[in-house]
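This report goes through one structure, from single helices to whole chains. Please keep the sequence and the 3D view open while reading.

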Amino acid sequence: MSEHTVQAPRPAATAPPPRRRSKGLPPWAVAALKILGLAVVVVWCLFPFFWMAMTSLRTGADALTDPNILRGPFTFESYEQVVDLGFQYALRNSLIVASVTTLICIPVAALAGYALARLPLAGKFVILALTLVATLFPPVALVNPLYQVYLEVDSLIGLSLLNSYAGMILPYVALTLPLAIFILTTFFSGIPKEIEESAKVDGATPFQAFWRVVAPLAAPGVGAAAILTFVYATNEFLLAFSFAPADLNVQTVPVFIGTFERVGYEDPIGQVMAASVLVSIPLILFALVLQRRIVAGLTSGAVKG
Amino acid sequence: MVARTPAARSRRGHGLGERAMGRFFLAPSFAFMALIALFPVFYAIGMSLYRIRGFDQEFVGLGNYLDALGDSGFYSAVFNTFVFTVTSVSLEFVIGMAFALIMHQAFVGRGLTRVVILVPWVVPTAVAAQVWRYMFDHNPGFVNAVLGADINWLRDPFWSMVGIISADVWKTAPFVALLLLAGLQTIPRDFYEAARVDGANAVQRFWYVTLPLLKPAIVVALLFRTVDALRMFDFAYIFAGYSNHLATLSVYAQRYLIAEPDLGYANALSTITFIIVMLVGLAFISRMGRQVVGEAAPRKEKA
């Protein structure tokens, strides 16, 4: 922008030639460069998705021999095949696991976030720092211990957590709680204290002040944390693959797609891409609709105005 | 129960006292994390001290850790993890920064780009891994066709590492851009004007104004990305299964946990992974954490 304001007081002698490339350019060229830059970003983000969609419409034999994705014939055969393989169950499982994880994680995290932002507690800074440390937790450290615990639980009370929704939801909640608490603490801290003070002056108990006054104001933060939790749970592969690898009654989408090659067939390129398109489209729509909330959530820890 | 402590009672005469409420609100989160995350870690550390074959358990102390030191597969996992992390995080940072600057400069199409940039982030990693694996595949050779090369991307140890790094950079550079863009938007325009008046050129303005003020956002982006790269499982497993030329620490540990059970050794491996990830993360947090955490934490209570 307004590059032309620069010219006046600069000592010209110190300027090496390539330094001021934008100065020599007319405004239309600067504008064109900016649009070109944006085009690069857009192509970067969308091209693999476009490749995926085109490949899913080609027959496997074509896709495997001819790299030109624009050459037909195009069919929906692969989509029919993944539905025959039960991909819709994987979609259902992912939706259930991610929703229940979010529904458990967010209320629990909201309570903790409110306590950390507002209530008098000893060692608040330490607790918050520990929460941040907990976000680093590598899931692979949970695989074996939880596996053993699940076996124990099964032999003690006959409750099978392996190959079950609960077996995935439990660790997902534990792993998403720290980030959710952190985001919600940030949002609760941003709500002016006077609002709840005045509610208390009007006779509200601390709990009423939280539930009736602060919670609704924190809705954007709650939304942001919920979306990030949901996306984490739809994305998680390692634990789902370890605890529920093959049973279509509980197998989630990442496991279905990630282990596809090992299911049989010659080379299921068309089916893998069709399944990928089927799960990506709803997620992308989800991201488009909730864009503002997502950005708010992702950046709440990083920068604070 | 705690509601009757003098402090709580003196604050407010009715309802749940604030201190009690604070503990009560924190309890579920911390109970959950302790039960599902903290306890398993100690359990894993305990198990890592045993040699376990079927139902036989024999205490071997640090034997499994010593085994790791003599295991070439372990070294290649450490090497792969390290190469992957350093390369992909550096590229993501540079490309993410470029994208953020582009988006920050733009007038037209900014809204569209901000939406589109979420696409790689929201697509599941398993999907991204499969798409890139097939683009790199030797048979149709889409990438080979574009480059006019004939590289066996999925078999060759070096080129397959290039493959997973490309996939990861594609997926997360936009995420880095988003974090940095948010940081850029908090820098007041006056600072740039002032720098201009003082005769700073574009590079100097970037170096002396943008970078220092962007530091908190940069640190957080690097923290998230580094930790995620260190514990990465999906890309390496989907590209190459358990084969050693791509296996990261998470893949290598998971192999002995599930695929070829050798539980004592596997738990030693996952404990090592845990320690490495935690140490690196803590190094970030301890250096920069105070400013980040300090912003989320409220100022000292007034009384």
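## Helix H7 and the loop after it

Directly after H7(A) comes A:Gly158, a residue with a positive phi, near 70 degrees. The model is predicted, and every value below is computed from it or taken from a record.

How far apart should the ends of H7(A) be? With 18 residues at 1.5 Å a residue, H7(A) should span 26 Å, and its end C-alpha atoms are indeed 26 Å apart, which agrees. Several residues of H7(A) are buried, including A:Val140, A:Leu142, A:Pro145 and A:Tyr150. The polar-named A:Asn144 is also among the buried residues of H7(A).

The loop between helix H7 (140-157) and helix H8 (165-190) of chain A holds A:Asn163. A:Asn163 is not a glycine, yet its phi is positive, about 50 degrees. Is A:Asn163 buried or partly exposed? A residue counts as buried with 20 or more other C-beta atoms within 10 Å and as exposed with 12 or fewer; A:Asn163 has 16, so it is partly exposed.

## Helix H14 of chain A

Helix H14 (residues 269-289) of chain A can be checked in the same manner. Its 21 residues, at 1.5 Å each, should span 30 Å, and the end C-alpha atoms of H14 lie 30 Å apart, which agrees. H14(A) nevertheless has a kink of about 25 degrees at A:Ser280, shortly before the proline A:Pro282.

A:Gln271 is a residue of helix H14 of chain A. Because 25 other C-beta atoms lie within 10 Å, A:Gln271 is buried. Leaving aside residues up to four places away in sequence, A:Gln271 touches A:Ser78, A:Gln81, A:Val82 and A:Phe260. Along the chain A:Gln271 and A:Tyr79 are 192 residues apart, but their C-alpha atoms are separated by 6.6 Å.

## Annotated regions of chain A

An unreviewed UniProt entry places the feature "transmembrane region" at six stretches of chain A: residues 28-51, 95-116, 125-147, 167-188, 209-233 and 269-290. For two of these stretches, the model gives the following values.

| Residues of chain A | Helix | Strand | Distance between end C-alpha atoms |
|---|---|---|---|
| 28-51 | 100% | 0% | 33 Å |
| 209-233 | 96% | 0% | 32 Å |

Taken as a whole, chain A has 15 helices and zero strands. Buried residues make up 48% of its 305 residues. Of the contacts in chain A with a separation of 6 or more, 74% are between residues 24 or more positions apart.

## Chain B

Chain B has 14 helices and two strands. Of its 303 residues, 46% are buried. Contacts between residues 24 or more positions apart account for 64% of those in chain B with a separation of 6 or more.

One buried residue of chain B is B:Val251, which lies in helix H13 (residues 249-259) and has 26 other C-beta atoms within 10 Å. B:Val251 touches B:Phe233, B:Ala236, B:Tyr237 and B:Tyr242, not counting residues up to four places away in sequence. B:Val251 and B:Ala77 are 174 residues apart in sequence, while their C-alpha atoms are 8.2 Å apart in space.

## Where the two chains meet

How many residues does each chain bring to the contact? Chain A brings 96 residues and chain B brings 97 residues. On the side of chain B that touches chain A, helix H2 (residues 18-47) of chain B gives the most, with 17 residues. By class, that side of chain B has 66 nonpolar, 22 polar and nine charged residues.

## Confidence

The model scores ipTM 0.81 and pTM 0.83. In chain B the average pLDDT is 81, and 88% of the residues score at least 70. Among the elements of chain B, helix H4 (residues 72-105) has the highest mean pLDDT, 91, and helix H1 (residues 6-11) the lowest, 43.

Two stretches of chain B stay under a pLDDT of 50. Over residues 1-14 of chain B, where pLDDT stays under 50, the model has 22 contacts beyond four places in sequence. Over residues 298-303 of chain B, also under 50, the model has three such contacts. Where pLDDT is low, the predicted coordinates should not be read in detail.

Key. Residues numbered from 1 in each chain as written. Chains lettered and ligands numbered in written order. Predicted model: local features only at pLDDT ≥ 70, side-chain atom pairs only at ≥ 80, totals over all residues. Helix = DSSP H or I, 4+ residues; strand = E, 2+ residues; numbered from the N terminus. Expected span 1.5 Å × (residues − 1). Bend = angle between axes of the 7 residues up to and from the residue. UniProt positions renumbered as here; feature names shortened; annotations may be inferred. Contact = placed C-beta atoms within 7 Å. Nonpolar A, V, L, I, M, F, W, Y, C, P; charged D, E, K, R; others polar. pLDDT = per-residue confidence, 0-100.
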